Amino acid sequence: MKINQRIALGIYIGLSLLFFMYTGLKITASIDSKKAQNLPVEAQAIISEKIIYLEVPKTPSEKAKGLMYRKFLHLNTGMLFTFNPPQEVKFWMKNCLMHLDIIFLKNGRVKAIAHNAPPCLAELCVVYSSKNPVTHVIEIRGGRAMELGLAVGDEIDIIINNE
């Protein structure tokens with residue numbers, strides 16, 4: 001696939017994901033919409049000398065579902081979303097059942113953190129924006145970023161398996 005085609009595909013997927021997240025439309029797929037997804041751990045982030053094991057959604061439906069319907073997240077686990085090319089992204093807590101920290105990164109540097117974002121089971125939910133282009137977003141258990149002393153400007157090493 002040529003680079004221009006890959007960029008166009010990335011933009012299409014990113015815009016589609018934002019559209020679904022923003023409008024609240026449900027993506028119909030072969031996933032039970034009331035069941036949490038459990039994806040393989042395919043990346044690690046090193047935050048304050050702790051290894052955080054990350055699931056990596058790849059398809060638009062996996063990305064849109066994220067950590068929805070999860071009742072629990074282990075201490076050093078989370079989810080990694082990648083964006084290529086870098087772009088402003090918006091996340092919400094629709095159908096999440098636990099508080100999450102949403103960490104927005106560009107090239108490994110923390111650009112913003114939404115601390116302890118609360119669950120939202122309503123039709124309209126608060127939207128958390130990166131406000132600037134980012135390359136990654138990490139979601140971890142609510143309050144964990146503060147426990148780790150993570151702040152805007154800090155660097156996080158991300159290791160993606162098979163890259």
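How many disulfides does the count come to in this predicted model? The count comes to one disulfide, and the close-up views below show this link, a further cysteine and a group of aromatic rings.

**View 1. The disulfide of C120 and C125.** The sulfur atoms of C120 and C125 lie 2.1 Å apart, and the two residues form a disulfide. The angle about the S-S bond is -85°, and the link of C120 and C125 is left-handed. C120 has a relative accessible area of 11% and is buried. C125 counts as buried too, at 13% relative accessibility.

**View 2. C96, with its sulfur too far from that of C125 for a bond.** Which cysteine sulfur is closest to that of C96? It is the sulfur in C125, at 8.6 Å. A disulfide needs cysteine sulfur atoms within 2.5 Å, so the distance of 8.6 Å between C96 and C125 is too far for a bond. The relative accessible area of C96 is 6%, and the residue is buried.

**View 3. The edge-to-face pair of F81 and F91.** The count of aromatic pairs in the model comes to three. In one of them, the ring centres of F81 and F91 are 5.0 Å apart with the planes at 80°. Planes over 60 degrees apart count as edge-to-face, so the pair of F81 and F91 is edge-to-face. This pair links distant parts of the chain, with F81 in strand 3 (residues 77-87) and F91 in strand 4 (residues 90-92), ten residues apart. Are the two residues buried or exposed? F81 is buried, at a relative accessible area of 2%, and F91 is buried as well, at 4%.

**View 4. The edge-to-face pair of F83 and F91.** The ring of F91 also pairs with that of F83, with 6.4 Å from centre to centre. The planes of F83 and F91 stand at 85° to each other, and the pair is edge-to-face. F83 has 6% relative accessibility and counts as buried.

**View 5. K63 over the ring of F83.** What sits over the ring of F83? The charged end of K63 does, at 5.8 Å from the ring centre. F83 thus appears here with K63 and in the previous view with F91.

**View 6. The aromatic cluster of F81, F83, F91 and F104.** These four residues form one aromatic cluster. Within the cluster, F91 forms an edge-to-face pair with F81 and another with F83.

Conventions. Residues numbered from 1 in each chain as written. Predicted model: local features only at pLDDT ≥ 70, side-chain atom pairs only at ≥ 80, totals over all residues. Heavy atoms only, no water. Phe/Tyr/Trp six-rings, centres within 6.5 Å; stacked < 30°, edge-to-face > 60°. Helix = DSSP H or I, 4+ residues; strand = E, 2+ residues; numbered from the N terminus. Buried < 20%, exposed > 50% of the residue type's maximum accessible area, 1.4 Å probe, protein only. Lys NZ or Arg CZ within 6 Å of the ring centre and 35° of its normal.
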